[in-house]
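Please open the model in your viewer and keep the selection panel at hand. The stops below proceed from one selection to the next.

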Amino acid sequence: MKGVILAGGSGTRLRPFTNATQKQLLPVVNKPVLEYVVEDLKRAGIDDIGVVVGGDYPEKVRERMGDGSAYGVELTYIHQGDPRGLADAVHCAKEFVGDSPFVVYFGDTIAGGDITAELVRGFDPDEHDVGIVLKAVEDPTRFGTAELDGEGGIRRVLEKPDNPPTNLAYVGVQAYTPAVFDVIEDLEPSARGELELTHAVDALASGADTYWTETSDVWMDVGTVEDLLEANRHFAEAAAPGMTGDVSEGAEVTGRVSLGHRSTVEAGAEIRGPVHIGERTVIGGDAVLGPYVCVGDGCEIRRASVRSSVIMDDVEADCDFTLEGSVVGSQSRLSGDSDPTLRVTLTVGPDSEVTLQDWGV
């Protein structure tokens, strides 16, 4: 079985961060979402993977992921051209797939547990045309949603319905045979002018040759800034602690904390896990981090108190306030003198500079 990762799209809901990179490369606990996807496919026994790229920065995907050898897989890059929807992106992989059954994985999602492995085990290409995994979600209007027929089958699958028949979304990992390509070729563009993969899934899943299962495992669609914060929060809590950096005497470190190579926590600093700190980062003696904080490589954090936030690579923060529920893009700088009790929530794009000043008003 082969794998096909959809790694295009413009990522408009993740701006300003996608003004500089593909959304699939944004970090969850200092690792691009796309790495989680490749590693998950590898665990499921799939090591021949096509990556459909498009959007504004397809070259960054190739630069970051390489030929796949670092992950024990072989990556083949497939260029979509003008984006015409997810079904069109899947169809671009027709030549790569050939006669093989394959798994399609949305490159901006993370499937936890054994979702992908169980899908691969349960899908029989001699019996099934499509395999999907359903999961109950809080807001099914954001996803392709399944309606069951009451007899153990699927009646239909709807694309982001205004009035969902259920709260069961199909997750961003599906299995297909090459029969899906004929279905896609017969699709008409939707009202938004795209070839919807949900329509292909509906055409296949409403038949008898369908494998489906429901999961309670973690599945996260990292499609918004709020999603990015939630994914980092979840995986920071789940990540194994490890201290390869240097913690000075007089620093206070408690809970699940990971400190990367050549990073330093200076005397007086307070780290309250879950916290994940990358490599070559300095946490000053007057800084307080945690809980639920992820700090990238090459950062320097001083004076600030940081909670429930994501700080990307090469960020300098020397600011006397509390940062909470924030995402700060790479190579940005935060500064300012303020009331230390002041709490701010920031969404700061890459290569930006923000100064906060308390004017006592």
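Select Val293 and Ser309: Ser309, in strand E26, is the bridge partner of Val293. Helices (H or I, at least four residues) and strands (E, at least two) are DSSP runs, numbered from the N terminus. The model is predicted, so local features need pLDDT of at least 70 and side-chain atom pairs count only at pLDDT 80 or more, while totals for chains, interfaces and linings use all residues. Residues are numbered from 1 along each chain as its sequence is written, and side-chain values use heavy atoms, with hydrogens and water left out.

Extend the selection to residues 293-295, strand E23, and residues 309-311, strand E26; these pair in the parallel sense over three bridges. Two strands count as paired if DSSP finds at least two bridges between them. Next, display the open sheet of seven strands, which runs in the order E14-E17-E20-E23-E26-E29-E32 with parallel pairing. Strand E14 (242-243) and strand E32 (347-348) stand at its edges with a single partner strand each, so one side of each is left without a neighbour in the sheet.

Move now to strand E1, residues 2-7. Six of its six residues are buried, where buried means under 20% relative accessible area, exposed over 50%, and partly exposed in between (1.4 Å probe, protein chains only). Lys2, Val4 and Leu6 cover one side, and Gly3, Ile5 and Ala7 the other. Which strands pair with E1? Strand E6 (residues 102-106) does so in the parallel sense over five bridges, and E4 likewise pairs with E1 in the parallel sense over five bridges. Select Gly3 to view both pairings: Gly3 stands opposite Val103 in E6, and its bridge partner in E4 is Ile49.

Keep Ile49 selected and show its contacts (heavy atoms within 4.5 Å). Leaving aside neighbours within four places in sequence, Ile49 touches Gly3, Ile5, Val38, Leu41, Val73, Glu74, Leu75, Thr76 and Phe96.

A nonpolar core is a set of buried Ala, Val, Leu, Ile, Met, Phe, Trp, Tyr and Cys residues joined through side-chain atoms within 4.5 Å. The largest one has 35 residues, of which Ile5, Ile49 and Val51 touch the most other members. E1, H1, E4, H2, E5, E6, helix H5 (115-122) and strand E11 (168-176) each supply at least two residues of this core. A second, separate core of 33 residues includes Val90, Ala93, Ile132 and Val180.

Select helix H1 (33-43). Eight of its 11 residues are buried, so H1 is largely enclosed by the rest of the structure; among them are Tyr36 and Asp40. Gly45, which follows H1, has a positive phi near 90°.

Turn to helix H2 (residues 58-65), where Pro58, Val61 and Met65 are buried. Seen down the axis of H2, its buried residues fall within an arc of 50° (taken from the directions from the helix axis to the C-beta atoms), so they line one face of the helix. They pack against E1, H1, strand E4 (48-53) and strand E5 (74-79). Gly66 follows H2, with a positive phi near 65°.

Finish by selecting Lys23, Leu86, Asp108, Lys160 and Arg192, which lie nearest the centre of the largest pocket among its 39 lining residues. E1, helix H3 (86-91), helix H7 (197-205) and strand E13 (219-221) each supply at least two residues of that lining. A pocket, on a 1 Å grid over the protein atoms alone, is an open set of points where a 1.4 Å probe fits, with protein on both sides within 12 Å along at least five of seven lines; lining residues have an atom within 4 Å of a point.
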